[in-house]
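Open the model in your viewer and keep the sequence panel visible. The tour has two stops, each with a selection to make.

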Amino acid sequence: MNPETPSARFGPVTVYFGEKSGKYPDGNQVIVHGGDTVVAFDTPKVANRLSAEVFDDAVDMAILGHVHEDHMCGLHRLRGKPLHVHERDVEAARSWDGLRRHFGYPDAALDAFRPKLEAEFSYAPRPDAQAYADGAEWDLGGGIRVRAVHLPGHTAGHCALVVEPHGIAFIGDIDLSTFGPYYGDATSNLGDFRRSLARLPELDAKVWITSHHKGVYTERAPFEDALRAYTARLDDREAVLLDRLRAGPQSVEALAADGLLYPAGYGTESTRAIERWTITQHLDELVASGRVVASDEGRYRLRA
Ligand SMILES: [Zn+2]
């Protein structure tokens, strides 16, 4: 093992922490050692700093909790080994066209994105990726099993991967970061994310591992505190939008230009698409709950 990569063990699970505790663009690598099968959950950038002994030679298969560029970085080292991806995300793993639809940014932004994905995230499609469904189980031998729990919102196929009977839950990009939930891609969904956040405490777990930044929780109270703070970011964003509408009717474009997730003027084509889709989903909720009215001119105003 590369001695510079910090790690922690929880029963059959080893977590290799990426730079800055796995802050994006890095992540935390989870490897589960069953009685006869060794599984990697996702393959963030840190995977490429692990030795062949720990990674290429040891790992028998990979299961992705969801598809995004920062979770596929080490797949090139596991060519020819089974790769399992939830059925709602699997096309994004299989082809570049599938990944384009998954992101849904404007064509020019996606064209510019691919070389960056290849250079910085070792991106390569995996046409051989196999689809799994909610509740899928893998028996790793020695009484150790992995179960997929579909918790969509971040992506349509986002899942928690729970190692049983130890109750170790890899919760992926429900990452409990101070940034808050991310639902800015075409296949992301705010309503699904809210329902997944509400269901997360019901997971039968004692250890929770996130992909980024927060790392590992080994006690329920701090985990639930972090989850509450993370969920509250949704209310913060809603409050910002309502505050801006107090000044008068606004279009999605104008609201996006002021920045909700990112600072105003930060924009690249893809971040503007992310802002627009994030804001649109909040406005749809506010219209549905009767607090905001959509006009024919594509502008939104507070209900009088
Ligand atoms: Zn992600």
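**Stop one: the zinc site**

With angles of 89 to 169° among its four donor atoms, the site of the zinc ion is irregular. Keep in mind throughout that this is a predicted model.

Select the zinc ion together with H66, H68, H154 and D173, its protein donors. The donor atoms to label are NE2 of H66, ND1 of H68, NE2 of H154 and OD of D173, which lie 2.1 to 2.2 Å from the zinc ion. In the sequence panel, the donors follow the spacing H-x1-H-x85-H-x18-D.

Next, restrict the selection to H68 and H154, a pair that links distant parts of the chain, 86 residues apart. H68 sits in the loop between β5 (61-64) and β6 (83-86), while H154 sits in the loop between β9 (145-150) and β10 (159-164). Are these two histidines buried or exposed? H68 counts as buried because its relative accessibility is 4%, and H154 counts as buried, also with 4% relative accessibility; the cut-off for buried is under 20%.

**Stop two: α6 and α8**

Now select residues 220-246, helix α6, and residues 269-288, helix α8. The two helices pack at an angle of about 80°, and their axes are 11 Å apart. That angle makes α6 roughly perpendicular to α8.

To view the contact, show side chains for L234, R237, E238, L241, L242 and L245 in α6. On the α8 side, add I279, H282, L283, E285 and L286, which these residues meet. Coloured by type, the contact residues divide into seven nonpolar, one polar and three charged.

Methods. Residues are numbered from 1 along each chain as its sequence is written. This is a predicted model: local features need pLDDT of at least 70, side-chain atom pairs count only at pLDDT 80 or more; totals for chains, interfaces and linings use all residues. Side-chain values use heavy atoms; hydrogens and water are left out. Axes are lines fitted to C-alpha atoms, for helices over the stretch in contact, and angles run from 0 to 180 degrees between N-to-C directions. Helices (H or I, at least four residues) and strands (E, at least two) are DSSP runs, numbered from the N terminus. Angles under 35 degrees count as roughly parallel, over 145 as roughly antiparallel, 65 to 115 as roughly perpendicular and the rest as oblique. Contact means heavy atoms within 4.5 Å. Ala, Val, Leu, Ile, Met, Phe, Trp, Tyr, Cys and Pro count as nonpolar, Asp, Glu, Lys and Arg as charged, and the others, Gly among them, as polar. Donors are N, O and S atoms within 2.8 Å of the metal (3.2 Å for Na, K and Ca); water is not among the atoms, so sites may look incomplete. Four donors count as tetrahedral if all angles lie between 85 and 135 degrees; four count as square planar and six as octahedral if opposite donors are over 155 degrees apart and all others between 65 and 115; anything else is irregular. Buried means under 20% relative accessible area, exposed over 50%, partly exposed in between (1.4 Å probe, protein chains only).
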